[in-house]
Amino acid sequence: MIIGSHVSFGEEQLYGSLKEAISYNANALMFYTGAPQNTVRKPIDNVLLEKAISLAKDNNISFDNIVCHAPYIINLASKAIPEKWDFSINFLIEELNRCEKLGVNKIVVHPGSSVGITQEEGIKNIVEAFKIILSKTNNVTILVETMAGKGNECGRNIDQMAEIVNKVNDPRLCVCVDTCHINDAGYSVNSFDEYLNEFDQKIGIDKIKCIHLNDSKNELGSHKDRHENIGFGTIGFNALYNVLINEKLKSVPKILETPYIEINEKTKIPPYKEEIEMLKTGVFNKDVFK
Ligand code: FE
Ligand code: FE
Ligand code: ZN
């Protein structure tokens, strides 16, 4: 079982991220190299990186199970402001280089929103952007994430994902499947095998290199994208547990991006230690946060 959560990347960089993941008894993790909503980034500190490498080793955490997430303000689908599209591309090239320096070989990227253009045009822009980014980088694999289809989001169904992945046609362009997003896009996680079959026919199951394991606050097909804690949403514990233990995705890291728990007006605590515990044992406890 390869399971972890989103963790922070603060002053102590990847070393701090690893410490946080270990405190949740995780053997995988995902981090943003800075605030997810902006593109301000600090240089990688080599001393901290050395400490991170030995901490990972001591705790049997493989760097294959460490995933980066690009900031979500990046939009590869829209060329409405050409400088912004260029900026997104150049920023992602730098992100891939930062990952390479950290020894992290996967970065999740949202496909983007086709603002003021058709979805087909948006997808054309995304394909072009990924081709440029891949031609100017080495080693790090981009995982394009399945989206809920909120607003003009591209990547809202398997056909759009296939269009992107098959047109880019590069071993370094793979997919991250988010269970909340596919639910909100209209695919039932309760019939995940059906989803996987269609995915396999149109894209290839081997392209799935990360799973974002989230419950959803909203109904199937709502196109909302609001994550819920495992077992507390519309998808439910059993369906998510079945994704986790699916034999076909055994070697794929599962990452929780569920919301923090509000214990009072001022304090929110991460739910990950408890959620990982429940998922490891396969037993849901509705009172786990009480
Ligand atoms: Fe994401
Ligand atoms: Fe996600
Ligand atoms: Zn989401």
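What spacing do the donors of the iron ion (ligand 2) follow along the chain? Reading along the sequence, the pattern is E-x32-D-x33-H-x44-E. Keep in mind as we go that this is a predicted model.

Let's put names to those letters. The iron ion (ligand 2) is held by E145 through OE, D178 through OD, H212 through ND1 and E257 through OE, at 2.1 to 2.2 Å. If you look at how these four donor atoms sit around the iron ion (ligand 2), the angles run from 81 to 168°, so the arrangement is irregular. To count as tetrahedral, four donors would need all their angles between 85 and 135 degrees. The site also ties together distant parts of the chain: E145 belongs to strand 5 (residues 141–145) and H212 to strand 7 (residues 208–213), with the two residues 67 apart. As for where this pair sits, E145 is buried and H212 is too.

Now stay with E145, since this residue leads to another metal. E145 bridges the iron ion (ligand 2) and the iron ion (ligand 1), and those two ions lie 3.2 Å apart. Around the iron ion (ligand 1) you'll find H69 (NE2), H110 (NE2) and E145 (OE), at 2.0 to 2.3 Å. Here the spacing of the donor residues in sequence reads H-x40-H-x34-E. Once more, distant parts of the chain are linked: H110 comes from the loop between strand 4 (106–109) and helix 4 (119–135), while E145 is in strand 5, 35 residues apart. H110 is buried, just as E145 is.

There's a zinc ion to visit as well. Which residues coordinate the zinc ion (ligand 3)? They are H181 (NE2), D225 (OD) and H227 (NE2), at 1.9 to 2.1 Å. Along the sequence, these donor residues follow H-x43-D-x1-H. D225 and H227 are both buried. To place this ion relative to the iron pair, go 5.6 Å from the zinc ion (ligand 3) and you reach the iron ion (ligand 1).

Next, have a look at T179, which is found in helix 6 (residues 179–185). Is T179 buried or exposed? With a relative accessible area of 0%, T179 is buried, because the cut-off for buried is under 20%. A polar atom of the T179 side chain lies 2.7 Å from the backbone oxygen of N214. Setting aside neighbours within four places in sequence, T179 touches a list of residues that includes V189, I211, L213, I235, L240 and V243. H212 is in contact with T179 too, and you've already met H212 as a donor to the iron ion (ligand 2).

Finally, the cysteines. How many disulfides does the structure hold? Zero. Take C154: its sulfur is 17 Å from the closest cysteine sulfur, which is in C176, so the gap is too far for a bond. C154 counts as buried because its relative accessibility is 0%. C210 is in no disulfide either, and the nearest cysteine sulfur to C210, again that of C176, is 4.0 Å away. A disulfide needs two cysteine sulfur atoms within 2.5 Å. Like the others we've checked for burial, C210 is on the buried side, with 0% relative accessibility.

Technical notes. Residues numbered from 1 in each chain as written. Chains lettered and ligands numbered in written order. Predicted model: local features only at pLDDT ≥ 70, side-chain atom pairs only at ≥ 80, totals over all residues. Heavy atoms only, no water. Donors = N, O, S within 2.8 Å, 3.2 Å for Na, K, Ca; no water. Tetrahedral: all angles 85-135°; square planar, octahedral: opposite > 155°, others 65-115°. Helix = DSSP H or I, 4+ residues; strand = E, 2+ residues; numbered from the N terminus. Buried < 20%, exposed > 50% of the residue type's maximum accessible area, 1.4 Å probe, protein only. Polar contact = N/O pair within 3.5 Å; in protein donor to acceptor, adjacent residues only side chain to side chain. Contact = heavy atoms within 4.5 Å.
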